[in-house]
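Q: I'm new to this one and would like a close look at a single part of it. Could you pick a good spot, walk me through it slowly, and then show me what goes on in the rest of the chain?

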Amino acid sequence: MPRRLPPLPALRLFEAAGRLCSFKLAAAELSLTPSAVSHGIVSLERALGVDLFVRGPRGLDLTPEGADYLLYVSEALSLIAAGTQRLPAGRGARGVYISCAPTLAARWLLPRLAAFRARWPDVAITLDTSPRQVGFPADGFDFAIRMSRSDVSAGNWMRLFGEQLIPVCSPTYLDGLARAQDGAVDLAAAALIHVDPAGEDWQAWFDRTKQPAPDGGAMAGGLHVDTIELAFQAAAQGLGVALGRRPLVDPDLDAGALIALDLPPLQAQTAYWLVSSDAVQRRTELLAFRDWLLGQAGAAAP
């Protein structure tokens, strides 16, 4: 049975007018006249048999039916735009679109991308670090790297690596923490650097390593930040002790900006996962990137 489709050119007019609630603004955006937009909307309403707008002296409003229809039309046009963007720009042009958290992108993925580009120089990489949910295929991404507990096992999810949590601080700050009598580190005297959005932070480390925790006031004090990157930077500047997350903290440890304290490490319950779109199986460059990334992760993590 053939699909019932409206006049497709008119959908673009409707989406712009519905989003802007103005024929005049829609016309300016589409480089048309307001009259052309208005006539196109009228033709669409006649084809559908439904009023999409209320035209009143105070302006333009969507009808309830129009508001509901706009959701579908906007999503459909977004899918078309994403699919069009993914078409090769020229013969042989290819690209990989990745969504990834900023700290992981800067500290783990970017330093490794040169090796991939050396093997696949014609493959363009687009890396998006905005903190939002990714929908496949509507958002146009091929891969998303996300944190989740290790019981996730959907078909398009592949585990990359977990994190090992270790207390870290600057060499100078460590000098002030060592007890005079035995040189052991006294965390009760330390300012703890907390990452507030983190699912596993100091409370989890104290609970699961059975280390003596500071009292409630000391535990809640210290410095609170909203990203792992800020916690590492604060610790490197001598503001306290942070929970280093290996392998993300490894560059600071290797450079000597941070030192791992002689305290028990903790294996995080969450891990980084590679989530793939269905298009991966159909494109050679996507399969190559996935296999390369899994190989990099295999050498990186517990």
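## The aromatic cluster and its surroundings

A: Let's start with a group of rings: Phe116, Trp120, Phe143, Phe289 and Trp292 come together as one aromatic cluster. Keep in mind as you look that this is a predicted model.

Two of those rings, Phe289 and Trp292, are on the list of buried residues of helix α11, and that helix covers residues 284–298. The helix has 15 residues, and its first and last C-alpha atoms are 21 Å apart, close to the 21 Å you'd expect at 1.5 Å a residue. The full list of its buried residues is Glu285, Leu286, Ala288, Phe289, Arg290, Trp292, Leu293 and Ala297.

Notice that there's an arginine in that list. Arg290 has a relative accessibility of 16%, so it counts as buried; the cut-off is under 20%. What does Arg290 touch, apart from its neighbours within four places in sequence? Its contacts are Phe143, Met158, Leu274, Ser276, Val280 and Gln281. The name to pick out there is Phe143, which is also one of the rings in our cluster.

Phe143 takes us to the next stop, as strand β5 covers residues 143–149. This strand helps to line the largest pocket, and with four residues it gives the most to that lining. Helix α5 (102–119) and strand β11 (266–276) also supply at least two lining residues each. In total the pocket is lined by 27 residues, with Ala101, Met147, Pro197, Ile228 and Tyr272 lying nearest its centre. The space inside comes to about 780 Å³.

Back to rings for a moment. Across the whole structure, a search turns up 14 aromatic pairs. In one of them, Trp205 and Phe206 have ring centres 5.0 Å apart and planes at 80°, so this pair is edge-to-face; for that label the planes have to be over 60 degrees apart. Trp205 and Phe206 are both buried. They belong to helix α7 (residues 202–209), where Trp202, Ala204 and Thr209 are buried too.

Now look at what comes right after that helix. α7 is followed by Lys210, with a positive phi near 65°. Most residues other than glycine have a negative phi. Lys210 is in the loop between α7 and α8 (216–220), and with a relative accessible area of 70% it is exposed.

Something along those lines turns up after α1 as well. Cys21 isn't a glycine, yet its phi is positive, at about 55°. You'll find Cys21 in the loop between α1 and α2 (23–30). Is Cys21 buried, exposed or partly exposed? At 35% relative accessibility, it counts as partly exposed. The helix before it, α1, runs over residues 8–20 and has 13 residues, reaching 19 Å between its end C-alpha atoms where 18 Å would be expected at 1.5 Å a residue. Ala10, Leu11, Leu13, Phe14, Glu15, Ala16, Ala17 and Gly18 are its buried residues.

One more backbone detail is worth a look: the peptide bond from Arg246 to Pro247 is cis, with omega near 15°. Pro247 is in the loop between β9 (241–246) and α10 (250–255).

There's another aromatic residue to see on strand β3 (residues 94–100), namely Tyr97. Tyr97 has a relative accessible area of 17% and is buried. Where does the chain come back to it? Thr126 is 29 residues away along the chain, yet the two C-alpha atoms are separated by 4.8 Å.

That return fits into the wider picture. Among contacts between residues at least 6 apart in sequence, 72% join residues that are at least 24 apart. The chain has eleven helices and eleven strands. Of its 302 residues, 40% are buried. On the outside, the chain exposes about 16300 Å², with carbon and sulfur atoms supplying 55% of that.

If you want to retrace the route, go back to Phe143: a member of the cluster and a contact of buried Arg290.

Conventions:
Residues numbered from 1 in each chain as written. Predicted model: local features only at pLDDT ≥ 70, side-chain atom pairs only at ≥ 80, totals over all residues. Heavy atoms only, no water. Expected span 1.5 Å × (residues − 1). Buried < 20%, exposed > 50% of the residue type's maximum accessible area, 1.4 Å probe, protein only. Phe/Tyr/Trp six-rings, centres within 6.5 Å; stacked < 30°, edge-to-face > 60°. Contact = heavy atoms within 4.5 Å. Areas by Shrake-Rupley, 256 points an atom, 1.4 Å probe, with all protein chains shown as cover. 1 Å grid on protein atoms, 1.4 Å probe; cavity = no way out; pocket = protein on both sides within 12 Å on 5 of 7 lines; lining within 4 Å. Points joined across faces, edges and corners; volume = space filled by probe spheres on them.
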